[in-house]
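Work through the exercises below with the sequence and coordinates open. Each one sets a task and then solves it step by step.

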Amino acid sequence: MTPVQNMFDEFRQEFDSHSDRRERLIKASRDITILSKNTIFLLHRIMNEDSPDAAKQSKRAYQSAMKKLGEVQALYASLKIELQGDLFWRHYRSVSPGLQEYIEALSFAHYLGHASLVTFDEVQKTLLDVNDVPFFPLPVEDYLLGLSDLTGELMRLAISGIARKGGRDRAQEICTFVRQCKTELDKCTPFVKELRKKQLVTAQSLEKIEDAVYAIVVRSSEYDLAPEILDDIISQTMTNFTYRGGKGLRRDFFGDDEHDDDF
C-alpha cells in the first residue's frame, strides 16, 4: 500500500472505532435509562403501600432504590475505558440522557432517605472507582436538568399519598421543597439551554401540588375534627379528585358542592 492508502486506512479505522464506541454508549445509556426509570417506579410502588410507620417506609424505599441504582453504577464502571479523557466530551450527547435519568432517580431516593436535595458532590461520589477516581467528569448541566425532573416525581408522590395517614403533612413539606427548588433552579435558566423548558414543567407540577394542598388545608379547617378522623375522611373521598390538565385539581370535598368553582 502507498503512504496515501495507509493514511486513509488509518482514517477508516478511526471512524469505525468512533462509530462502534458511539453505538455501545447509546445502548448502555438506554439500559441506564430503563434501570433508572424502574428505580423511580419502585420508589412510587413502595411509597404507595399502606404503612403504619412513614419513616420506616421511606427508609425502606431509599434502601431498595440504592440497591437498584447499584446496577446503574456498575454499568458506568464498565464504561470508564470508553469515556477516558476527551472521549467523554466527544460522546457527551450519547450519555447525557441516561445520566440525567440516573440523577433524577438518585435525587428522588435521596429525598426519601434524607428529606433533602442531593448535592453535586454526592452525585459525583456515586460515580467513582475503588480508587476514588471519577468514571468521568459530572457535567453541572446534567445535574441541574436531573434535579428539575425530580420535581415531577415529587408532585406525583405528594398527590398520590395525600389521602394516606400523614399524607397531608408530607404534601405540604413537598410543596415547600419544590417551591424552593424552583426558585433556585430558575436562577440557572440563563446558563443552561434546556433548563428553561424543564422549569415550565416544574411550574406546572408546583401548581398541582399547591392546588391539592390548598383544597385539603382550607376544607379541613372548616371541620373541627381530630387529624386521624380527617385522614380517614380524606382517604374515603379522595377518589373524587380529577385532573383538569394544567388547571389543577377538582373535587367535592366532604360531599360539599358549594365551592366547586373555587378549584
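**Exercise 1. Find the low-confidence stretch and judge the model's confidence overall.**

Step 1. Over residues 241–263 the pLDDT (the predictor's confidence in each residue, from 0 to 100) stays under 50. For this stretch the model has 52 contacts beyond four places in sequence, where contact means heavy atoms within 4.5 Å.

Step 2. This is a predicted model, in which local features need pLDDT of at least 70, side-chain atom pairs count only at pLDDT 80 or more, and totals for chains, interfaces and linings use all residues. Residues are numbered from 1 along each chain as its sequence is written, and side-chain values use heavy atoms, with hydrogens and water left out.

Step 3. The average pLDDT of the protein is 85, and 82% of the residues score at least 70.

Step 4. Ranked by mean pLDDT, strand E1 (residues 242–243) is the lowest of the elements at 42, and helix H5 (residues 120–125) is the highest at 97.

**Exercise 2. Describe the secondary structure and the overall packing.**

Step 1. Helices (H or I, at least four residues) and strands (E, at least two) are DSSP runs, numbered from the N terminus. The protein has nine helices and two strands, in the order α-α-α-α-α-α-α-α-α-β-β along the sequence.

Step 2. Of the 263 residues, 44% are buried; buried means under 20% relative accessible area, exposed over 50%, and partly exposed in between (1.4 Å probe, protein chains only).

Step 3. Among contacts with a separation of 6 or more, 71% join residues 24 or more positions apart.

Step 4. The accessible surface is about 14600 Å², and carbon and sulfur atoms hold 53% of this area. Such areas come from the Shrake-Rupley method with a 1.4 Å probe; for residues, only the protein chains shown count as cover.

**Exercise 3. Locate the empty space, closed and open.**

Step 1. Set the rule. On a 1 Å grid over the protein atoms alone, a cavity is a set of points where a 1.4 Å probe fits but cannot get out, and a pocket is an open set with protein on both sides within 12 Å along at least five of seven lines; lining residues have an atom within 4 Å of a point. Grid points are joined across faces, edges and corners, and a volume is the space filled by probe spheres set on the points.

Step 2. Count the cavities. There is one cavity of 30 Å³ or more, and the largest cavity holds about 30 Å³.

Step 3. List the cavity lining. The residues are Leu-25, Ser-29, Ile-32, Tyr-76, Leu-79, Val-95, Gly-98 and Leu-99. Helix H1 (3–47) and helix H4 (92–114) each contribute at least two of the lining residues.

Step 4. Classify the cavity lining. Ala, Val, Leu, Ile, Met, Phe, Trp, Tyr, Cys and Pro count as nonpolar, Asp, Glu, Lys and Arg as charged, and the others, Gly among them, as polar. This gives six nonpolar, two polar and no charged residues.

Step 5. Turn to the largest pocket, with a volume of about 390 Å³. It has 21 lining residues, and Met-47, Ala-54, Gln-57, Gly-166 and Arg-170 are the closest to its centre.

Step 6. Assign and classify the pocket lining. Helix H2 (54–78), H4 and helix H7 (167–186) each supply at least two residues, and H7 gives the most, with five. The pocket lining has eight nonpolar, six polar and seven charged residues.

**Exercise 4. Compare two residues of H4: what does each one contact?**

Step 1. Gln-100 lies in helix H4 and is buried, at 9% relative accessibility. Beyond its neighbours within four places in sequence, Gln-100 contacts Asp-142, Leu-145, Gly-146, Asp-149, Glu-194 and Lys-198.

Step 2. Leu-106 is also placed in helix H4 and is buried, at 4% relative accessibility. With neighbours within four places in sequence set aside, Leu-106 contacts Met-66, Leu-69, Val-123 and Thr-126.

**Exercise 5. Which residues other than glycine have a positive phi in the loops on either side of H5?**

Step 1. Most residues other than glycine have a negative phi.

Step 2. Ala-115, in the loop between H4 and H5, has a positive phi of about 55 degrees. Ala-115 is exposed, at 58% relative accessibility.

Step 3. Asp-132, in the loop between H5 and helix H6 (140–160), has a positive phi near 60 degrees. Asp-132 is exposed, with a relative accessible area of 58%.
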